[in-house]
Amino acid sequence: MAASTLLFVASILLSSFALSCYASGTFSALQKSILLTSSPKSGQVLKAGEANITVTWSFNKTYPAGTDSAYKTVKVKLCYAPISQKDRGWRKTKDELKKDRTCQHKIVKRDYKPETDSVTWTVERDIPTATYFVRAYVYNAEEKEVAYGQSTNDGKKTNLFEVEAITGRHVSLDIASVCFSVFSIVSLAGFFYLEKRKGAASQQK
Amino acid sequence: MENSQTESNRENNGGFSSPVDSEHKATKLRIQSVAAPHMRAFHLSWISFFACFVSTFAAPPLIPLIRDNLDLTSTDIGNAGVAAVSGAVFARIVMGTLCDLFGPRVASAALMLLTTPAVYCSALANSPASFLLVRFFTGFSLSTFVSTQYWMSSMFSAPVVGTANGVAAGWGNLGGGATQLIMPYVFTLIHHIGATKFTAWRIAFFVPAVFQTLSAYSVFFLGQDLPDGDFAKLQKSGDKHKDKFSQVFYQAITNYRGWILALTYGYCFGVELTVDNIIAQYFYDRFHVNLHTAGIIAASFGLANLFSRPLGGYVSDVMATRYGMRGRLWTLFLVQILGGCLCVLLGRLGSLSTSVTVMLVFSVFVQASCGLTYGVVPFVSRRSLGVISGLIGGGGNVGAVLTQVVFFRGSRFKTETGITLMGVTIICCTLPMMFIYFPQWGGLFWGPSSKGITEENYYMSEWSKEEQEQGFHKASLKFANNSKGERGKRVASAPTPLEGTPESYGHV
């Protein structure tokens, strides 16, 4: 009787510890058990809407077997390097994953496979100009982050690449802006002329 | 279209559809009417001012997109926000001068058409520097505030001038709140039609730009400067004297009351502009609401202008009927100080629901103070009404620039500390109102001068003997007579004649 109670209490305690590991939701609690490489070379500049990135990731076999038993899905994301986070609070890195804004652009979402997986992704047209690296988050069945891997080192200093965004400007838009502006000024000149005429006309009355 | 009732109204009102005084200024504000010239001027005023507010604050709700497109830092965004309100400091004074010299119709239409290129060219911005420049030049359009107040002060008589000024300015200020809802909606629409995000926000700026252009055209073609006609016509026919800029300007800057009111206005309207710029971020960062919710809270602060600024103007007029100018001054003094106390409180609250509640009450007090201020302004000067209005309006923007630079830039103060300190500054900068004194009506702590100085003495002092001999001061005389109501009910004065100037003043 005492033994089974002890076992019961122990299992409650152990599972609550296990739960707290998963439920803490911080980056520092994640296992870095994914090996990830991305195709851009260090310092390469990619054009948004045109260039491709090939990302390859796999489970790091140096970790004990069974570590990845809870892994269900993988999300690969494009993340801001520290230089692009400076003086930009909306891209801030925070340990609490719910508040972390480092990785804002999703590349792909896949089911987890222990073998090597890869994706070739065209940099989307709304990716802003900045310096980036690639990170993959692994989620369990409860959609909670449990592991990650990234293309740069822990200090996020190596192997960073840049994206050059589209300007969003078009020649037709530029011409429209200039035409409307000129039209405003010209109609103002027209108004002054009309006012002068009205004034002169009433003087003649 | 006119039925017999309207016809007989027009006969009673000397050809106008609203009842008028001896200067032909309307003595009633009938919001449901668009009859020329008074009510039409009213609607043109507030709609064009609304358009300028929409243009000036069109960028903030789209900042999350623009900052990615133009690679802006927090400092760049803060600087552009300061630039947006600093252009109008100088522009408001210029606008005041232009109104005095050329009339509000031409002045406001001209300014709106000169600033729409900046709004159209927002679509061309490609760097932090160009973004700052377009926000700076677009901000000049906020000087249409001065033409609005000048126009209302020219069209509406003393008993309703506070209300007319307050409603026109309040409904114009609404644009600052409405744009936080309009621009994201327009952007989403354009984005869904097929444009990429970085192009869609650029196209979206054409909406406020075209609205502003159309407003300018409406003002020019449908508006009229004065109840009796336009400046140009009246000046040529000799009914209105074409005044000298140097004299108008000199009379304005030597009137100390204008400077004190500029300071106090800096700490009601300036505070309103500052809050427009920082409040969404404050709720987002401190209480962790999402960006959408923060935007709605920010919009509601601006939307309170629908009734709070008009309320200030209306209360000013009501207090004046009983207590005269002293009533106007006391109400402004108390309401603004209470607003300052609420601001101090806002920064110290730690819960979301109490913060939102206090913010809404604070918005009513701050915006009512703005309305109360412009219940006093029309009486400070008659000759230099435009420049005085411009000086005080410009003071509002100076307050916004100073407050943002000292309390809300960089990381010297946490935002909640900045808000509390802003409240303390409001209280301190309202105290100088104690020194405002009208010899014919009194001030906060003193009654009217025992030397028996009248309204005529006060307004005639703006004209030299030579100018009076040439009869340039006639309009000021009429105004002086019509402003006798600012003595309040203490004095049982004879009813002011509704038609023509009284016998004793018509001749020089």
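Why does A:Glu162 count as partly exposed? Keep that in mind; the tour comes to A:Glu162 shortly.

**Before you start**

You're looking at a predicted model, where local features need pLDDT of at least 70, side-chain atom pairs count only at pLDDT 80 or more, and totals for chains, interfaces and linings use all residues. Residues are numbered from 1 along each chain as its sequence is written, chains are lettered from A and ligands numbered from 1 in the order in which they are written, and side-chain values use heavy atoms, with hydrogens and water left out.

**Stop 1: A:Glu162**

Select A:Glu162, which sits in strand E9 (residues 161–164) of chain A. Helices (H or I, at least four residues) and strands (E, at least two) are DSSP runs, numbered from the N terminus. A:Glu162 counts as partly exposed because its relative accessibility is 36%; buried means under 20% relative accessible area, exposed over 50%, and partly exposed in between (1.4 Å probe, protein chains only).

Now show what surrounds A:Glu162. Leaving aside neighbours within four places in sequence, A:Glu162 is in contact with A:Gln44, A:Val45, A:Leu46, A:Ala130 and A:Thr131, where contact means heavy atoms within 4.5 Å. Then draw a line to A:Cys179: the two residues are 17 apart in sequence, yet 36 Å apart in space, C-alpha to C-alpha.

**Stop 2: strand E7 of chain A**

Next, pick strand E7 (residues 130–139) of chain A, where 10 of 10 residues are buried. A:Ala130, A:Tyr132, A:Val134, A:Ala136 and A:Val138 point one way, while A:Thr131, A:Phe133, A:Arg135, A:Tyr137 and A:Tyr139 point the other way.

Which strands does E7(A) run antiparallel to? Two strands pair if DSSP finds at least two bridges between them. Follow the partners like this:

- Strand E4 (residues 73–80) of chain A is joined to E7(A) by 8 bridges and runs antiparallel to it; A:Cys79 stands opposite A:Phe133.
- E9(A) is joined to E7(A) by 3 bridges, again antiparallel, and A:Val163 is the bridge partner of A:Ala130.
- Strand E8 (residues 145–150) of chain A shares 5 bridges with E7(A), also antiparallel, with A:Ala147 as the bridge partner of A:Val138.

Zoom in on the hairpin of E7(A) and E8(A): there are 5 residues between the strands, and A:Glu143 takes a positive phi near 60°.

**Stop 3: a sheet of 3 strands**

Still in chain A, select E1, E3 and E6. They form an open sheet in the order E1-E3-E6, with antiparallel pairing. Strand E1 (34–38) and strand E6 (117–122) are the edge strands, each pairing on one side only. On average, neighbouring strands here are turned by 20° against each other, direction ignored; the axes are lines fitted to C-alpha atoms, for helices over the stretch in contact, and angles run from 0 to 180 degrees between N-to-C directions. Strand E3 (residues 52–59) and E6(A) pair over 6 bridges, and one pair to label is A:Thr54 with its bridge partner A:Thr120.

**Stop 4: a loop in chain A**

Move to A:Asp87, in the loop between helix H2 (82–85) and strand E5 (103–111) of chain A. Phi is positive here, about 60°, although A:Asp87 is not a glycine.

**Stop 5: helix H19 of chain B**

Over to chain B. Select helix H19 (residues 415–430): its buried residues include B:Ile419, B:Met422, B:Ile426 and B:Cys429. To see what they pack against, turn on helix H13 (256–266), helix H14 (269–287), helix H16 (308–348), helix H17 (352–376) and helix H18 (385–407) of chain B.

**Stop 6: B:Ser154 and B:Pro37**

Find B:Ser154 in helix H7 (residues 144–155) of chain B. B:Ser154 is buried, with a relative accessible area of 2%. Not counting residues up to four places away in sequence, B:Ser154 touches B:Lys25, B:Asp225, B:Leu226 and B:Pro227.

Then look at B:Pro37, in the loop between helix H1 (4–12) and H2 of chain B. A cis peptide bond joins B:Ala36 and B:Pro37, with omega about -10°.

**Last stop: B:Asp71**

Finish at B:Asp71, in the loop between helix H3 (63–69) and helix H4 (74–102) of chain B. Phi of B:Asp71 is near 55°, a positive value in a residue other than glycine, and B:Asp71 counts as partly exposed at 29% relative accessibility.
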